[in-house]
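The following paragraphs lead through a protein model, with attention to its charged pairs, the place where its chains meet, and its interior. Please keep the structure in view while reading.

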Amino acid sequence: MHTFSNSQMIKLLILKDWQLVKKSLAAYLAGGVLIIGLMGMATPLLFNTGAILMITLMIVIGARSAIELVVNEKKDQTLTFMMSLPVTAQDYAWAKLGANLLLYLVPWLLLVAGMLLVIVSSPVYNGVIPLVVLVSVFILLSYCCYLATALLTYSEGYTTAVMIVTNLLLNGFIIWLLRMPAIHLTLEAPTASWNSTSLLLLAAGVGLTVLVLLTTAVLQNRKTSFL
Amino acid sequence: MQQSPGRFYYLDNLRAFAMLSGVLFHAALAYSPKAQGFWLSADPQQHALFDVFAWASHLFRMPLFFFLAGFFTALLWQKAGGVAFAKNRLLRVALPLLLFLPLLTLAMHGVLQFGLATVQQPSALLQLIKPMLTAEAPAELPLSTMHLWFLYHLLFFYVLTYCARTLLSDALQARLLALPPWLLLLLLVLLLLPPLSLVPAPVPAPEWIFPALWALWFYGLFFACGYVVFRHADALSRYSADRRVLLGLGAISYLVFYQLLPADLRAQQPQGWTKLLIIVCEASGALCWTLAALLYGQRYLNRSNPVLRYLSGVSYWVYLVHIPLLFLVQFGMTDLLWPAGVKFLVAVLVTLSGCLLSFHLLVKPTLLGKIVAPAAARV
């Protein structure tokens, strides 16, 4: 079990990351509000456009933060500067994992909650809720996958490759879900129908996300050097 | 140049008047011929004067509110800092919204049931929802923020303010303010046109549980203007000499706007060039009258006296609770053969009395007073 040798420094590193992405996050937040406003115009075209933009925004936030906060740190020689600070490789790794998760999970949760609120409050069938939740969890899982790649390899190439693969898989995942009778037959239900299939998929998605994060944490912990 | 935060009496007073004029506006809609098709408490007794008054006040009352909200946002942020600002707004805006939305929804449901049971000459809307509410399995009415949409949208504007403060530099404000005053006004009118083109005229209340893009854009511009005026005091004062012109321009805009409105607002809205003319008049009327209200307020209301201070203190509470009470009173009078003017006066007086009575019984002596009327609690 890892013990934080320098929690104050970890906190400072997280704060440093927050300062670095503050402007980007403010832009995403403004974008999120505008997309919600677009969906709030309550026409089918604007609603669907808003839903697609919302998914895009979730992907973009994840991709940008993984590249900006992890990969670029090595490319811009910031990592070499970090090595001169009184922090261990583990401290640095924990700070990176913590900052990235925090900076992604907060907007992710807000956007998912926003979408669910739109569905609950609009004439859209509540039956689509399981689909929306499953797709959102898949996007979170994808993010964790390329964050793990970025943290473990610091390679732009590998991280971009995982991003491309997970984004391609997202389309396949949505089509796969829509072909499942347990999912598509309940899409037009007035209430969210969580059946054994959708619950199993949700559990699998959450489980895989936790597994990816734990594996990343364990592998990070074993690192003996920054590089 | 930034102003030092002091007491802006005329803005407090204008806010109180705007909030109280909301009661008059909502009361007037029941006797407005144009609103007969969509107003719940629409009365068989009507008079066109109520239309003239209601739509004139509607043109600039909410824009003025958002302007003031933007101004006080800048003031509070500067005075207290971001974290204290967020805490203050959560307490003063988010908490009342969360607290009163379910309570008012329940109250409105009760008032509707009263109206359905007692009113012999129900309004078109009441007739429409009657089968929905009296069926064995009553249909769910769409989720609505009711008149609290103002608070709801304010929360989004606070988020956008944070974004703008993070992303935009003050240089943008300075560049805009460097424009000649009348060119800046023209630019603002042009910026107001797209959101107005998306909705029927006069602008509806964006009371759906989701904020609408047009409302964020339209009211957001007024909010932004208020924010900028706090930071650049001369932005408003350079229009001081033109306040009569602004009042006149607003009146001409309103006159044309009113003439072009359909007799029944539920009817098909004008299209094409007529629609363009309507929204140009709506935008210029809203802007000119909002500015005129601020300039006249600055000149004649910039003082503190006990009555204005009292009105300012109670206005938030009155705004929160007046709608169910007003509908209750108006439903009670619908079948009476009194003239519309008398009904209007009775409705306003009884509603205001009820609001003030409840303020002194339920708000001022309790914790609620610290949330919705901290100034009045101090008085």
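Over all chains, the structure, which is a predicted model, holds 6 salt bridges. One of these joins the side chains of B:Asp43 and B:Lys343, with a distance of 2.8 Å from N to O. This pair links distant parts of the chain, since its two members lie 300 residues apart. B:Asp43 belongs to the loop between helix 1 and helix 2 of chain B, whereas B:Lys343 sits in helix 13 (residues 340-363) of chain B. Both B:Asp43 and B:Lys343 are buried.

A second salt bridge in chain B connects the side chains of B:Asp264 and B:Arg266, at 3.6 Å from N to O. B:Asp264 has a relative accessible area of 27% and is therefore partly exposed. B:Arg266, with a relative accessible area of 53%, is exposed. In chain A, salt bridges that share partners unite A:Lys16, A:Asp17 and A:Lys96 in one network. Within this network, the side chains of A:Asp17 and A:Lys16 meet at 2.9 Å, N to O. A:Asp17 counts as buried because its relative accessibility is 0%, while A:Lys16 is partly exposed, with a relative accessible area of 23%.

The loop that holds B:Asp43 also contains B:Pro33, between helix 1 (9-29) and helix 2 (48-80) of chain B. B:Pro33 counts as partly exposed because its relative accessibility is 27%. Apart from residues up to four places away in sequence, B:Pro33 touches B:Gln46, B:His47, B:Ala48, B:Asp51 and B:Ala263. The last of these contacts spans 230 residues along the chain, yet the C-alpha atoms of B:Pro33 and B:Ala263 are separated by 7.5 Å.

Where the two chains meet, how many salt bridges are counted between chain B and chain A? The count is 0, and 1 residue pair is found in polar contact across the interface of chain B and chain A, both residues being at pLDDT 80 or more. On the side of chain B that touches chain A, the elements giving two or more residues are helix 5 (149-167) and helix 8 (213-231) of chain B. Helix 5 of chain B gives the most to this side, with 8 residues. By class, the side of chain B that touches chain A comprises 17 nonpolar residues, 1 polar residue and no charged residues.

In total, the contact takes 18 residues from chain B and 22 residues from chain A. The area buried between chain B and chain A is about 1,700 Å², and carbon and sulfur atoms give 84% of this area. B:Trp208, B:Phe210 and B:Leu213 supply 36% of the area that chain B buries against chain A, which is more than any other three residues.

Turning to the interior, the largest nonpolar core has 210 residues, and those with the most contacts inside this core are B:Tyr219 and B:Leu320. Not counting residues up to four places away in sequence, B:Tyr219 touches B:Met62, B:Pro63, B:Phe66, B:Trp149, B:Phe157, B:Val203 and B:Trp214.

A polar residue may also be followed in chain A: A:Asn100 has its place in helix 4 (residues 89-121) of that chain. A:Asn100 is buried because its relative accessible area is 0%, where buried means under 20%. Leaving aside neighbours within four places in sequence, A:Asn100 is in contact with A:Ser65, A:Ala66, A:Leu69, A:Val70, A:Tyr143 and A:Leu147.

Notes
Residues numbered from 1 in each chain as written. Chains lettered and ligands numbered in written order. Predicted model: local features only at pLDDT ≥ 70, side-chain atom pairs only at ≥ 80, totals over all residues. Heavy atoms only, no water. Helix = DSSP H or I, 4+ residues; strand = E, 2+ residues; numbered from the N terminus. Buried < 20%, exposed > 50% of the residue type's maximum accessible area, 1.4 Å probe, protein only. Contact = heavy atoms within 4.5 Å. Core = buried A, V, L, I, M, F, W, Y, C linked by side-chain atoms within 4.5 Å. Buried area = accessible area lost by both parts, 1.4 Å probe. Salt bridge = Lys/Arg side-chain N within 4 Å of Asp/Glu carboxyl O. Polar contact = N/O pair within 3.5 Å; in protein donor to acceptor, adjacent residues only side chain to side chain. Nonpolar A, V, L, I, M, F, W, Y, C, P; charged D, E, K, R; others polar.
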